[in-house]
Amino acid sequence: MANTKQILALNRFDARHAEGFDAELRSLIARRQATFGASSVLVYERPIRMVRAEGVWMFDADGRRYLDVYNNVASVGHCHPRVVEAIAKQAATLNTNTRYLYDNIHDYAERLLATFPAALSNVVFTCTGSESNDFALRLSKSFTGGRGFVVIETAYHGNTEAVTEVSPSSFKTRSVPPHVRTVPAPDQYRHPTNDVGARLAEDVAEAIADLEQNGVKFAGLLVDSIFSSDGIYADPAGFLKQAVDVVHKAGGLFISDEVQPGFGRTGTAMWGFQRHSAEPDIVTMGKPMGNGFPVGGVVTRPEILESLCETTGYFNTFGGNPVAAAAGLAVLDVIEDEGLIENAKEIGAYVRSGLQALASRYPAIGDVRSAGLFIGIEFSLPGTTDPDPATASYVINALKERGVLIGAAGAYGNVLKVRPPLCFARDNADFFIERLEAALSER
Ligand code: PMP
């Protein structure tokens with residue numbers, strides 16, 4: 001069996017391979033290493049020098065064009081003119097913090113909250129998904145009086161100290177701290193079961209019991225409802241609900257991390273938790289919220305927010321500034337006016353059927369899983385369910401040579417993550433499938 005991999009190790013550039021590169025590329029890489037040091041993460045066997053982007057396309061310094069099937073930041077399309085104009089206009093008018101009243105942040109707060117169940121009626125603005133999850137952990141602790149969290153064993157939720165502790169896929173050498181328990185991903189491919197929801201619920205119940213037996217009061221379950229870093233587990237819709245019921249019975253909170261599935265990507269609704277009919281107590285958001293402008297947020301019930309604010313103030317200098325609000329409002333307008341949720345559903349289904357047709361011809365493709373425009377392609381050693389990260393890695397680099405950008409996910413890095421901007425069209429899907437077939441046929 002392949003070894004498990006840390007999330008930032010997937011498709012990572014290895015500087016030892018820079019020798020054959022031209023002098024200019026070598027010099028840029030050297031400057032980066034000298035300044036970024038050990039934390040530098042570059043992708044691909046030969047890093048790309050990116051200069052501009054538009055819609056679903058990105059362009060490098062040599063004028064080569066790449067189809068971006070890997071971007072959940074420029075979620076409504078790279079440099080979308082309406083978002084760019086809204087940001088530029090607001091930046092030229094007023095940008096300050098939320099200690100003043102201004103209209104657009106309140107328009108935005110109300111528009112955003114209207115997309116959630118009525119009970120989730122308060123929003124706190126942040127700048128990143130990590131900040132949102134960090135705040136969600138604090139809210140859960142103050143409201144429940146507990147400090148124990150349950151997460152998926154391959155989860156990634158961000159980069160603050162507290163959030164890294166609940167992001168096992170970031171660990172290189174350490175294990176989860178004593179206040180955290182992990183449960184396996186709802187993997188129906190490698191570990192089939194008749195009822196994946198019941199199995200996840202049982203695992204969560206056991207994890208909660210184990211925390212309590214060790215004197216750690218349970219605070220909450222934190223889950224990315226499309227299980228993106230875990231390898232994308234979407235079906236059957238609804239399977240998450242039983243685990244959430246267990247959490248509520250145990251007095252804990254369910255935090256739905258919508259940084260990946262949120263803003264219409266799953267093609268059924270605005271939020272990933274809605275596919276599962278599971279009501280969260282806290283929802284965290286980031287990446288797609290500002291289409292590239294750093295906007296994040298936490299939505300919750302007033303009593304949960306009050307429980308923290310009674311003892312501790314919270315202020316975020318950049319969170320909810322007028323430019324962030326302008327970007328966020330423009331993103332909501334574009335999703336609505338361009339019918340992007342319906343597009344995610346329709347084109348997502350089209351890509352999925354194209355991939356399933358490929359899977360019938362190429363045994364390296366062991367499984368295709370998806371919800372809307374979030375699709376996982378699992379590579380396995382033919383005739384087995386054993387992960388095949390070497391083929392995934394080959395395909396990622398071969399696709400880049402053929403003008404398509406894609407990334408990997410999953411414990412073994414053997415699942416390709418198909419996550420294009422939501423304006424992805426049928427001809428983009430055809431381009432992607434054709435290139436993927438060419439890469440597979442030349443392996
Ligand atoms: N949650 C999930 C599910 C994520 O995938 C990420 C980022 N990849 C984060 C949170 C953290 O977001 P950010 O990088 O904006 O802090």
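Where is isoleucine 232 found? Isoleucine 232 sits in the loop between S7 and H7. The model shown here is predicted.

## The loop between S7 and H7

Start with this loop. Strand S7 covers residues 218-224, and helix H7 covers 241-249. Isoleucine 232 belongs to the loop that joins them. Its phi is near 70 degrees. That is a positive value, in a residue other than glycine.

Proline 236 lies in this loop too, between S7 and H7. The peptide bond that leads from aspartate 235 to proline 236 is cis. Its omega is near -5 degrees.

## Around the ligand

Next comes the ligand. Which residues surround the ligand? From the 128-133 stretch come Thr128, Gly129, Ser130 and Asn133. Tyr156, His157 and Gly158 also take part. Asp224, Asp257, Val259, Gln260 and Lys287 complete the shell.

By class, the shell holds two nonpolar, seven polar and three charged residues. Helix H4, residues 129-144, gives the largest share of the shell, with three residues.

## Polar contacts and burial

Serine 130 reaches the ligand with a polar side-chain atom, 2.5 Å from a ligand oxygen atom. Aspartate 257 places a polar side-chain atom 2.7 Å from a nitrogen atom of the ligand. Lysine 287 has a side-chain N or O atom 2.9 Å from a ligand nitrogen atom. The ligand on its own exposes 390 Å². The protein buries 83% of that area.

## The largest pocket

Which pocket does the ligand take up? The space taken by the ligand is the largest pocket. The volume of this pocket is about 1,500 Å³. Its lining counts 48 residues. Closest to the centre are Leu8, Tyr70, Val73, Lys287 and Arg419. Lys287 is also one of the residues that surround the ligand.

The lining of the largest pocket has 24 nonpolar, 16 polar and eight charged residues. Helix H1, residues 23-36, supplies at least two of them, as do H4 and strand S14, residues 407-409. Which element gives the most to this lining? H1 does, with four residues. H4 appears in the ligand shell as well, with three residues there.

## The cavity

The structure also has an enclosed space. How many cavities of 30 Å³ or more does the structure hold? The structure holds one. The largest cavity has a volume of about 30 Å³.

Ile152, Ala155, Tyr156 and His157 are among the residues that line the largest cavity. Leu222, Val223 and Asp224 line it too. So do Phe227, Ser229 and Asp230. S7 provides the largest share of this lining, three residues. By class, the cavity lining divides into six nonpolar, two polar and two charged residues.

Some names now recur. Tyr156, His157 and Asp224 line the largest cavity, and Tyr156, His157 and Asp224 are also in the shell around the ligand. S7 contributes to the cavity lining, and S7 leads into the loop that holds isoleucine 232.

Key
Residues are numbered from 1 along each chain as its sequence is written. This is a predicted model: local features need pLDDT of at least 70, side-chain atom pairs count only at pLDDT 80 or more; totals for chains, interfaces and linings use all residues. Side-chain values use heavy atoms; hydrogens and water are left out. A residue is near a molecule or strand if one of its heavy atoms lies within 4 Å of it. A polar contact is a pair of N or O atoms within 3.5 Å; within protein, one must be able to donate a hydrogen and the other to accept it, and residues adjacent in sequence count only if both atoms are side-chain atoms. Accessible areas come from the Shrake-Rupley method with a 1.4 Å probe; for residues, only the protein chains shown count as cover. On a 1 Å grid over the protein atoms alone, a cavity is a set of points where a 1.4 Å probe fits but cannot get out, and a pocket is an open set with protein on both sides within 12 Å along at least five of seven lines; lining residues have an atom within 4 Å of a point. A molecule sits in a cavity or pocket if more than half of its atoms lie within 2 Å of its grid points. Helices (H or I, at least four residues) and strands (E, at least two) are DSSP runs, numbered from the N terminus. Ala, Val, Leu, Ile, Met, Phe, Trp, Tyr, Cys and Pro count as nonpolar, Asp, Glu, Lys and Arg as charged, and the others, Gly among them, as polar. Grid points are joined across faces, edges and corners, and a volume is the space filled by probe spheres set on the points.
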